[in-house]
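Here is my note on the two-chain model you sent round. The points below go from the chain contact to single residues and back out to helix packing.

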Amino acid sequence: MAEDRPSAFEAYERRKVRLGVRMTLLYAAVYAGFVVLNVFFPPIIQKSGLFGLNLALTYGLGLIILAVVLALLYNWLCGVPPTEREEG
Amino acid sequence: MALIVFIVFVVLVLIVSSRAGRGKTATSGGYYAANSSIHWGVNGIAFAGGYLSVASFLGIAGLIAFFGYDGFLYSIGFLAGWIVALFVIAEPMKRMGTFTFSDALNKNYNRPGIQLAAGLSVLVVSLVYLVPQMVGAGVLVEPLLGIPHYIGVIIVGAVVIFLVAGGGMTSTTYVQFFNGGLLLTFASVLTIAVLVRGVDTTDLPREEGPRGLESYRFEHMALSVGEEGGIHRESLAQTPLRAPEILTTHVEYDEYTGEPVLRLYQLSRLIPAEPAAAGEYTARVKGRTVKFDANRVEEVDGAPFVRIEDWWRLEQDPRFLPTGTEAELREAQSITTKPDGTQLVNGVEFGLGAQTQLRQMGRVSDLPDGEGATGAVGPIGLLSVLSDENTSIQLARAAGFRIDGGTEVSVYYEKPVAGDEYMRPGMRFPVIAREGEPEITTRLNRLNFISLMLALFLGTSALPHILIRYYTVPSAAAARKSTIVAIAGIGLFYVLTMYLGVGALVGGANNPLTDNMSAPLLARSFNEPLFAVVSGIAFTTVLATTSGLIMAASGTVAHDLMVNLVRREIPDKTKVFAGRIVAVVVGVIGIGLGIAFRGVNVSYLVGWAFAVAASANLPSLLFMLFWKRTTAAGIIASILVGLVSSVGLILIGPDMWGIYGLDPAQAPMPLDQPGIISIPLSFITIIVVSLATQKEKPQQAAPAS
């Protein structure tokens with residue numbers, strides 16, 4: 001049980017919380033950039049982005065893809081909790 | 001056909017879900033949390049199935065079909081909130097709670113006040129979110145089954161009450177799981193069909209008629225305009241219209257520059273008729289065969305004609321006119337309601353079901369390089385073509401006004417826009433300053449948009465029907481994995497929704513009366529069975545979301561409010577019984593509100609539910625997790641301030657002022673979206689009250705996660 005080995009489990013939990021908060025802040029910054037560009041810089045958001053799409057579409061689709069990528073990355077970095085690892 | 005598929009869908013969902021829930025609702029753990037035995041994969045798809053409400057499926061597809069890129073902004077906001085759910089909420093919620101979000105919030109404090117405040121908040125958010133789902137159910141079944149709105153709401157309410165009260169969280173999970181799977185599968189099927197069809201500017205059969213799929217192309221004809229910019233009898237003589245006369249002129253002006261932006265003309269004209277049965281003639285009105293009495297027929301040069309009255313729009317923008325043409329008269333559609341209640345559709349009295357006689361609208365009229373059609377096109381290629389400045393898109397638009405004698409007129413016309421305008425922000429959310437617009441208006445419009453995007457980002461993870469799903473899985477790791485499945489499924493769905501929206505536009509699959517029917521009508525532009533299936537899925541979507549909301553409300557009343565109000569131990573069986581009774585009561589209240597709010601734009605209500613959830617629930621959740629000095633008093637104050645301020649600001653905002661029948665410009669709160677005020681207010685409250693009540697709980701240590 002986790003309670004039997006508090007130090008290893010708590011260290012794992014703390015690391016995960018730090019990771020989660022950092023990733024949330026990262027995504028929030030990218031999302032805020034998108035909102036700010038849409039609201040205050042319409043001429044920029046209409047410029048060409050990737051694959052013949054404008055920046056508005058490229059950035060928007062990019063935000064969706066980034067969410068999925070960050071989610072998978074987070075799960076991978078979380079790995080297996082110490083208790084489960086030891087239990088095999 | 002549609003009716004049979006529809007009924008099969010509902011019956012199948014009921015059978016499968018009630019079988020899944022059978023024998024698993026005897027204990028409160030079974031009823032409220034499915035014994036925490038759901039696999040994370042199933043839970044993840046159920047997350048998606050419960051979260052993707054009619055607002056996502058029907059609402060966003062319709063918004064994209066009518067307003068382009070701005071509809072897509074909702075998709076981005078709805079998905080982004082899941083990041084907060086995954087990274088900071090999912091695992092602690094699972095570890096700290098048993099059945100409800102209030103459990104987790106109260107774990108380290110054990111104060112009835114927290115449970116009561118959080119329970120009240122869950123109840124309010126669930127009801128605010130329940131209303132648009134119920135309204136949406138009525139909107140959906142009204143045209144599909146030809147039954148009145150209130151009966152549609154009652155049917156949905158009854159089915160959901162049966163599901164939730166009978167099968168609890170297990171049944172709710174499986175309804176949401178099947179719905180999530182069906183949504184993803186059929187959105188993919190429709191997207192592939194849209195890409196294979198590509199863009200065609202020539203006539204496409206797209207609309208169900210008496211002889212299967214048929215099409216109608218609105219007429220347009222060149223003419224010259226007078227000095228004042230309008231048309232007159234002489235200019236009409238240049239057109240192929242027979243014996244035309246101008247009956248009424250309606251001009252709308254830009255509110256800031258005073259320039260005319262819309263010129264509409266009601267014309268009286270002759271159209272050819274053919275003898276039919278004894279004493280009757282038929283004529284084609286906007287492509288539909290209509291019967292006329294012989295006494296309405298006029299003989300001209302020995303041929304029979306009937307005189308009809310219809311509406312046309314004058315196009316003078318050189319960007320959307322053939323080279324060398326000064327102006328064009330473009331055919332529009334209309335519904336006129338006379339003071340005696342008589343209703344005419346496109347100048348003809350159709351009687352019952354008149355509104356179904358309007359033609360569907362939306363199309364691409366010009367492609368870059370003068371191509372006629374693209375043929376099959378890739379996913380990037382389609383978006384690229386539609387955002388090209390040389391692509392001309394005809395969007396469905398409406399104008400409503402009164403003419404002499406009190407006759408009410410609604411004119412539905414094609415509004416041309418260039419592709420680059422369609423695929424940029426501004427058509428729905430007026431964030432780009434218009435010429436002559438006062439600076440304060442621009443600022444308020446921008447603040448409204450920022451407020452909405454903030455509420456969507458912070459509201460998702462605080463929605464009660466999302467929060468309860470963390471308790472249906474066995475472990476914190478399973479909660480995390482199911483959230484990741486949800487993000488992947490929901491992200492994919494929102495990308496597909498983009499294609500449903502643009503597919504409805506290029507396929508001419510828009511009902512000009514509502515922007516909620518574009519996805520089912522897109523399916524019908526391919527074939528009738530697909531239409532029936534997609535409509536059935538839209539119905540199960542309503543069931544999935546409403547069942548989650550009623551389950552959340554039921555859990556919170558029976559588990560949080562009742563236990564704390566009674567203040568003594570309640571037997572497990574009584575808790576389950578109470579949950580079932582509350583599900584019935586909340587369902588009946590939902591039915592009543594769904595009927596009462598008929599006609600209110602459902603997207604307003606959905607945006608508000610996110611704002612209330614983000615204001616009332618999220619600050620307390622985040623601070624409880626991450627700030628060790630948070631006190632019980634701080635949490636209670638934050639929930640109540642967030643709840644009261646967000647709901648209060650909505651009630652005194654411009655939208656509600658309009659609903660009360662008052663002038664929206666006079667509303668005390670100038671913003672429609674309260675989040676930008678109420679969310680920070682709730683955060684400030686928890687900080688200030690917690691600091692002020694430190695003595696109350698000196699040893700409280702917030703958990704590390």
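1. **Contact between the chains.** In this predicted model, 36 residues of chain A are in contact with 37 residues of chain B. Three helices of chain A each supply at least two residues of the side that touches chain B. They are α1 (6-40), α2 (42-45) and α3 (55-78). By class, that side of chain A has 24 nonpolar, eight polar and four charged residues.

2. **Chain A by itself.** Chain A has four helices and zero strands. Its pattern along the sequence is α-α-α-α. The chain holds 88 residues, and buried residues make up 28% of them. Take the contacts in chain A with a separation of 6 or more: residues 24 or more positions apart account for 56% of these.

3. **Domains of chain B.** Chain B is divided into two domains. Domain 1 covers 2-198 + 453-599. Domain 2 covers 208-359 + 388-418. Each is therefore written as two segments of the chain. The C-alpha centres of the two domains of chain B lie 42 Å apart. Their contact takes seven residues from domain 1 of chain B and nine residues from domain 2 of chain B. On the domain 1 side, the classes are four nonpolar, one polar and two charged.

4. **The open sheet in chain B.** What is the strand order of the open sheet of five strands? In chain B the order is β12-β11-β15-β14-β13, with antiparallel pairing. β12 (343-345) and β13 (363-366) of chain B stand at the edges. Each has a single partner strand, so one side of each is left without a neighbour in the sheet. Neighbouring strands of this sheet are turned by 30° against each other on average, direction ignored.

5. **One pair inside that sheet.** β14 (residues 392-403) and β15 (residues 407-418) of chain B pair over twelve bridges. The sense is antiparallel. To check the register, look at B:Gly400. The bridge partner of B:Gly400 in β15(B) is B:Ser410.

6. **B:Ala222 and its surroundings.** B:Ala222 sits in strand β3 (residues 220-223) of chain B. Is B:Ala222 buried or exposed? Neither label fits: B:Ala222 has 16 other C-beta atoms within 10 Å, so it counts as partly exposed. A buried residue would need 20 or more, an exposed one 12 or fewer. Leaving out residues up to four places away in sequence, B:Ala222 touches B:Thr325 and B:Glu328. B:Gly675 is 453 residues from B:Ala222 in sequence. In space the two are 50 Å apart, C-alpha to C-alpha.

7. **Strand β10 of chain B and its partners.** β3(B) and β10(B) run antiparallel and are joined by four bridges. B:Ala222 stands opposite B:Glu328 in β10(B). Strand β9 (residues 303-315) of chain B also pairs with β10(B) in the antiparallel sense, over four bridges. There, B:Trp312 stands opposite B:Glu331. How many of the five residues of β10 (residues 327-331) of chain B are buried? Four are, so β10(B) is largely enclosed by the rest of the structure.

8. **Helix packing, α5 with α14.** In chain B, α5 (residues 69-96) packs on α14 (residues 476-506). The angle is about 175°, and the axes are 9 Å apart. α5(B) and α14(B) are therefore roughly antiparallel to each other; the cut-off for that label is over 145 degrees. The residues of their contact divide into 16 nonpolar, six polar and four charged.

9. **Helix packing, α4 with α16.** α4 (residues 54-67) and α16 (residues 528-566) of chain B pack at about 135°, with axes 9 Å apart. That angle makes α4(B) oblique to α16(B). From α4(B), the contact is made by B:Val54, B:Phe57 and B:Leu58. From α16(B) come B:Ala538, B:Thr541 and B:Val542. By class, these contact residues are five nonpolar, one polar and no charged.

Terms used:
Residues are numbered from 1 along each chain as its sequence is written. Chains are lettered from A and ligands numbered from 1 in the order in which they are written. This is a predicted model: local features need pLDDT of at least 70, side-chain atom pairs count only at pLDDT 80 or more; totals for chains, interfaces and linings use all residues. Axes are lines fitted to C-alpha atoms, for helices over the stretch in contact, and angles run from 0 to 180 degrees between N-to-C directions. Angles under 35 degrees count as roughly parallel, over 145 as roughly antiparallel, 65 to 115 as roughly perpendicular and the rest as oblique. Ala, Val, Leu, Ile, Met, Phe, Trp, Tyr, Cys and Pro count as nonpolar, Asp, Glu, Lys and Arg as charged, and the others, Gly among them, as polar. Two strands pair if DSSP finds at least two bridges between them. Two residues are in contact if their C-beta atoms, placed from the backbone, lie within 7 Å.
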